[in-house]
Amino acid sequence: MAEAINESTSQIRNFYSFTLEGLEAYLKQYGKEKFRAQQIFKWVYEQRVTDFDLMLNLSKDLRAELKNLITFELPPILKHLISVDGTQKFLFDVRDGNSIEAVVIPSDDRLTLCVSSEIGCNMACHFCFTGKQKLKRRLEISEIVGQFMQVQDVIGQKGLKLSNIVFMGMGEPLDNPEAVFGAIDVIHSPWGVNLSRKKITVSTSGLIPEMYRVSEAKVRLAVSLNGYNDDVRSQIMPINKKYPLRDLLNECKRYYRATGDKITMEYVLLKGITDQISHAHELVKLLRDVPCKINLIPFNEHPGSGFERPSDETVQAFHTECMGLGAQVLLRRTMGRDIFAACGQLTTKVDRPESMDISNSKIGGVNVRSFSSGQPRV
Ligand code: SAH
Ligand code: SF4
């Protein structure tokens, strides 16, 4: 017989942590039919209804029971900052004094959400602000899906819709694969957010043993390459000592064979370290037989990093050289610097320089413009 349900026996769970399968299994424990899970998913993700009393295809008794089993909790928004260039940054409360960030990046035909997968990051890349903070905790499915839903709900009030999601915020997504791929399941599935797999990109610093999951999930792969050979990459990215370039690029080729999708290679331009013309030659040579496009990202400065951003001329020259060598290469326009939302500037700390707090300003007054050359384009 099904377990009797009352508040004292039930283990109340957050809906946003469930995949369809997960909810079916959870409801089964309480003797509920499988198809109920699908009905609830439709209400929540299609209709944005999170009040059981409004889910009219469920009986009154069932609705009452469900209230004791399931809550709907999204991470509260602590701050919402909007850049002069239209980039928007959201700061979320993820309990115990921790916060994470997600960034909305507008471009001509897209509205891309860049989400965080962890609080801090253990990969310790020397040029990255997030990498300066040791991993505090891996995010849960509900906290990843929660970033998407909270942002969509806010921008939805302006009639806008997120078109893409990239795992390029705080943390190394492949260091938290269960939650990241659980969240991807919710985001791409027709019973969930229903975003095409091709609009979802996972970026990794090169955790080779977990990279197979990206092709299995049939989503896009981006790799933080950042070095044109093992020496320089190991100097700036400690992970390269464990998983060197040869193995990493072989894994990239395997991804391409499995999916037919080109990989996006992210390459941060650090003054004097990775930005010279000779480096452009080595980079293009290194990637000669890897089906990929290169995204050049001029280094975004942050206090005490010890690195410098190259001049615009150097950046331009590097870009031109790569193109001349036949590479498919894109120069990422830096966006959101005034609100500290650019690549590698995200942190778990609320207080820092250059933030422009407009959390009290009206969303309704915000003009999200489009740009002819936005970022990221993956
Ligand atoms: N951990 C994952 C995803 C988050 S980092 C990864 O490393 O791929 C997202 C991108 O930001 C990476 O390509 C990284 O190389 C880049 N990045 C980090 N710090 C940066 C900085 N200060 N300036 C410019 N890009 C940076
Ligand atoms: Fe972590 Fe990515 Fe930053 Fe490296 S670049 S420290 S992997 S977030």
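Select helix α1 and helix α2, where α1 passes α2 in a right-handed crossing (the near helix is turned clockwise from the far one by less than a right angle). This is a predicted model, in which local features need pLDDT of at least 70. Residues are numbered from 1 along each chain as its sequence is written.

Helix α1 covers residues 20–29 and helix α2 residues 35–46, and their axes, which are lines fitted to C-alpha atoms over the stretch in contact, come within 8 Å and cross at roughly 130°. That makes α1 oblique to α2, a word for angles outside the ranges under 35, over 145 and 65 to 115 degrees.

Next, select helix α4 (residues 141–156) and helix α5 (residues 177–188), which pack at an angle of about 45° with their axes 8 Å apart. That makes α4 oblique to α5, and α4 passes α5 in a right-handed crossing.

Finally, select ligand 2, which is surrounded by residues with a heavy atom within 4 Å of it, among them Cys121, Met123, Glu172 and Ser205. By class, this shell has five nonpolar residues (Cys and Met count here), three polar (Ser and Gly among them) and one charged (a class that includes Glu).

Key. Chains lettered and ligands numbered in written order. Predicted model: local features only at pLDDT ≥ 70, side-chain atom pairs only at ≥ 80, totals over all residues. Heavy atoms only, no water. Axes fitted to C-alpha atoms, helices over the stretch in contact; angles between N-to-C directions. Helix = DSSP H or I, 4+ residues; strand = E, 2+ residues; numbered from the N terminus.
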